[in-house]
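Me: I would like a close look at one part of this assembly, namely how its chains meet. Please take me through it slowly, as one connected account.

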Amino acid sequence: MFQTVIHGRGGQGVVTASELLARSGFAGGAQVQAIPSFGSERMGAPVVAYTRFSDQKILTREPINHPDAVIIQDPTLLRTMDVFEGLVEGGWAVVNTRESPNEVRAAQPGAPKESGHLATVPADDIVREYLGRPIPSAALLGAFAALTGQVTLEAVVNSINGLFKGKVAEGNSRSAQVAYQWVIDHRGHEDEGAPHGIAPVDVDKPSTAELPIPIAGSPEVVNA
Amino acid sequence: MAKVNIPFMQTGTLVVGNRLLDEQDRSVQAWQDRASSLTHGHRACQGCAEALAARWVLDTAMEVTDGKLMVANATGCLEVFSTLYPESAWKIPWIHSLFANAASVATGIAAVNAVTGRGDIRVIAQGGDGGTADIGMACLSGMFERNDDVLYVCYDNQAYMNTGVQRSGATPPAARTATTPAVGRQPGNTFGQGKFMPKIAMAHEIPYVATATVADLRDLEAKVRTAMSHRGARYLHVLVTCPLGWGTKSADSIKVARLATQCGLFPVFEAEYGELKSSTKIRERVPVEDYLKLQRRFAHLFGANADEAALERIRRLADRNIRMYNLLPEGAAA
Amino acid sequence: MPELLEGSQAIARAVALCRPSVVCAYPISPQTHIVEALSGLVRTGKLANCDYINVESEFAAMSVSIGASAAGGRVYTATASQGLLYMTEAIYNASGLKLPIVMTVANRAIGAPINIWNDQSDSLSQRDSGWLQLYAVDNQEALDLHIIAYKIAEELSLPIMVCMDGFVLTHASDVVEIPTQEQVDAFLPPIKPLEKLDIAEPRSMGMMAGPDVFTETKYMAHQVMFHANDVIKRVTREFEEAFGRPSGKPVRVWGPDGEDRPARQGEIAVIGMGSVMGTMQAVAPTLWDRGVRTRLITLGSYRPFPATSVRQAIGAADRVVVLDRALTLGVGGVLSFDVRRSMARLGIPLHSVVCGLGGRPITEQSLAETLTRGKAGDLGELEFMDLKTELVGKVG
């Protein structure tokens, strides 16, 4: 069993991310389960979602308390809660930030210490450039694929194309690819962050001018 | 069939006169093959105007629909006096579910008929004033708002008669009921707007809203015909005398209903899509006292401790109705 | 072909495969995704010959369902929690009128305090409503149960609640197998109502019954519930033959040794309904290795209550632990109450473990600790799992 917890904020597509991750794992032949944390959180409130991969039928329904990996969609969460709580020894983490892995480690004692187990990626900058909206889920899943190898980049892109259409699918797919490449390129450079305001360049990037607005009608806002 | 009023001058009613009409203009009740939707053997009180009205409404609807009619009935007198297992006085497909939900049950019936290709079968929901204006109003309003293909008929006897004459939201001011006794500083029901459901129905801008009374059954019949000529949500509000609850003589049910219209307290009109289309003019205006004095529920307004102030307020209600619904003939003095 | 689907979407697809004539619902969390999906299926014509009716309350939703079912239609609705209570009067009426309505209950707590999260207080409050109540362990079973429920409901002419844990199942994405239309059509024939409103044969439905016949009416309804036990067993067997999945069994017995047999001496019989039994199954093998041997008795049917099968499954267990997802105040777990009745004079101790109220997560660790204590004889008659005693003031 490989268990992933995604932390983010309402409106950031956290639930969609766990769904995409589950689809990617499912495409790779795993048994999967995606559970949004259920709440009446409105836009901006911390939201968490869980994804499980297994080679056997998944029976359990408990929330994930000891994740093998965490994905942090919103860097501001690093300062407000222990997003690495319960992370197993040798676990993985993908953080949406311009800071370097070692900068994150310095501030967060719970972050994975092993070299190559913590990836930071400027996902906001990437999606601003390629998607046109500050919804970093797809980029972080690309980074997750590069970091953990639990899913392939191809599966992530296919999942995106299965859930979205047109420019939204294209922007998300491209963001995932760029973030994937970012993690590959920065492997072993754990003191290296991203420059401010400059997105990684992709040679044939699409225009963001006509992108439709939200990437996902995110279902984590549940009305009582 | 055109509605033809044949005044029968000896009694002042409009209900007789079939023999004076051409056959095609006669009431459904003139014919042996009428549906007798609510047939004999039921347990209504002597002089029950609700039973009379229900029979006229449904027999007319049965004729109009060629027998393709289903009825949802709210809990109330009409339901209780007509069915007690194993007997039923209904000769039509009829269902009683609950007090508050006749309009919704009718919606469900209409929906299934429509999706299964039986849209020619029409649906009527019916209930008393409590089941309509009080406990059933949410379901009724929902049915109106969705414009479901249902005719809702309210038989308004102005209180909870089934449970022993308690006040309802449609009980008129000053009326004595079991829960508004004629004692204290303000005997009887308190003064106020009450709920005049036809106006609430009109606010939904449904295709057809009409009022009628058992004093003019030809008019009632004509309004059912008009209602059934429309599709969508329709509402028919029938004032029905209740000898038990009102304290009237059983023989006076028609007379009392007629006086309710002739004094101006009960307006008879038709409205389409929220707009008043026509009103039945008062033939000979009478003082409200003529109507009230025949009913023991208003007895405390008269006699030794006569309540002139209350009577004056009731007169003003009649005046207001006459203005609002334009109830006097052209040229008549208000 | 297996698909990854949110539970609610799977339910909507399964309901659509049953070809209802009317879907009528009022939105309430956590039922909303189901009815949203169905409204879309109707609007796009993917669910043809069906009307989706938006109503003004749950009371109206059940009332429209009553009318539609009385007119001979196959009817679907769904609700939860406060909504279920709001339609309670009509719920009793539907079963009294013997209308085969199928309703999903996306199980949720009842306020006050208002709480949108999962437990089973809502459906269990309808214990005496005369409806059948079937409970799903996972989303595959939940979707299968809807197909099974229509078949049972229409055979018995009785309404059925399909209960699934709100959020835990309704909002979770799982791998499920959605049957084909041909499979469902072959299993579930068009509805043939026992009684309906019919212009060719006018009848009165919902008549008043006096003291002379009311007892007999209820006695007959009571007998039908016993018959329902057999019908559920047969229909779920037919379902398994047709679809290859053992969904909806009234009682399923399982142990980490893989044997389907009653509990023996030295074992704890663990009884529960819904998704908690999935988590229990996940933790049971570890417990077994540690010497805490459990036999899991999962109830797929709560009404009718399969008392005989439960009694048999308990067998010679040392003790019975009931995982109660609803509480009757001052008494204890609701399910325990029924289980206790079914094990009269067995002389086996029963421990009611109230857990997961109002969405409190039921963790494998807590279940393991509870059963370890059970093995050691440390469990009381009534326990509140994970009770935060520091939050509890002095009572009384």
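Of the 2 pairs of chains in contact, which chains share the most contacts?

Reply: In this predicted model, chains B and C share the most contacts of the 2 pairs of chains that touch. Chain A and chain B, by contrast, do not touch, and their nearest C-alpha atoms lie 22 Å apart.

Taking the contact of chains B and C to begin with, 38 residues of chain C are in contact with 37 residues of chain B. On the chain C side, β3 (51–54), α3 (58–70), α5 (88–96) and β9 (204–205) each supply at least two residues to the surface that touches chain B, and the largest share, 9 residues, comes from α3(C). Sorted by class, the residues on this side of chain C divide into 21 nonpolar, 12 polar and 5 charged. Strand pairing also crosses this boundary, since strand β4 (residues 94–96) of chain B is joined by 2 bridges to β9(C), and the two strands run parallel. Within that pairing, B:I95 stands opposite C:M205 of β9(C).

The contact of chain C with chain A can be read in the same order. Here 23 residues of chain C are in contact with 22 residues of chain A, and β8 (173–177) and α10 (276–289) of chain C each supply at least two residues to the side that touches chain A. It is α10(C) that gives the most to this side, with 4 residues, while the classes come to 12 nonpolar, 9 polar and 2 charged residues. Strand β2 (residues 31–36) of chain A is joined to β8(C) by 2 bridges, and these strands run antiparallel; in β8(C), C:S173 is the bridge partner of A:A34.

It helps to set chain B itself beside its contact with chain C. The secondary structure of chain B comes to 11 helices and 10 strands, and its radius of gyration is 19 Å, close to the 20 Å that the globule rule gives for 334 residues, so chain B is as compact as a globular protein of that length. Its C-alpha trace spans about 65 × 45 × 40 Å along the principal axes, and buried residues make up 54% of its 334 residues. Of the contacts in chain B between residues at least 6 apart in sequence, 67% join residues at least 24 apart.

Turning from the contacts between chains to the interior, the largest nonpolar core has 297 residues, and those with the most contacts inside it are A:A143, A:A179 and B:I109. Helix α1 (residues 49–64) of chain B gives the most to this core, with 11 residues. Domain 1 (2–243) and domain 2 (251–391) of chain C both give residues to the core, so it lies between them.

One of those well-connected residues can be followed further in chain A: leaving aside residues up to four places away in sequence, A:A143 touches A:V94, A:A119, A:V121, A:A179, A:Y180, A:W182 and A:V183. Also in chain A, helix α3 (residues 123–130) is mostly covered, with 7 of its 8 residues buried. The buried residues of α3(A) are A:A123, A:D124, A:D125, A:I126, A:V127, A:E129 and A:Y130, and what covers them includes β5 (92–96), β6 (118–121), α4 (137–148) and α6 (166–185) of chain A. Just after α3(A), A:G132 takes a positive phi of about 90 degrees.

Notes
Residues are numbered from 1 along each chain as its sequence is written. Chains are lettered from A and ligands numbered from 1 in the order in which they are written. This is a predicted model: local features need pLDDT of at least 70, side-chain atom pairs count only at pLDDT 80 or more; totals for chains, interfaces and linings use all residues. Two residues are in contact if their C-beta atoms, placed from the backbone, lie within 7 Å. Ala, Val, Leu, Ile, Met, Phe, Trp, Tyr, Cys and Pro count as nonpolar, Asp, Glu, Lys and Arg as charged, and the others, Gly among them, as polar. Two strands pair if DSSP finds at least two bridges between them. The radius of gyration is taken over C-alpha atoms; the globule rule is 2.2 Å times the number of residues to the power 0.38. A residue is buried if 20 or more other C-beta atoms lie within 10 Å of its own, exposed if 12 or fewer, and partly exposed in between; C-beta atoms are placed from the backbone. A nonpolar core is a set of buried Ala, Val, Leu, Ile, Met, Phe, Trp, Tyr and Cys residues joined through C-beta atoms within 7 Å. Domain bounds come from an automatic or database domain assignment.
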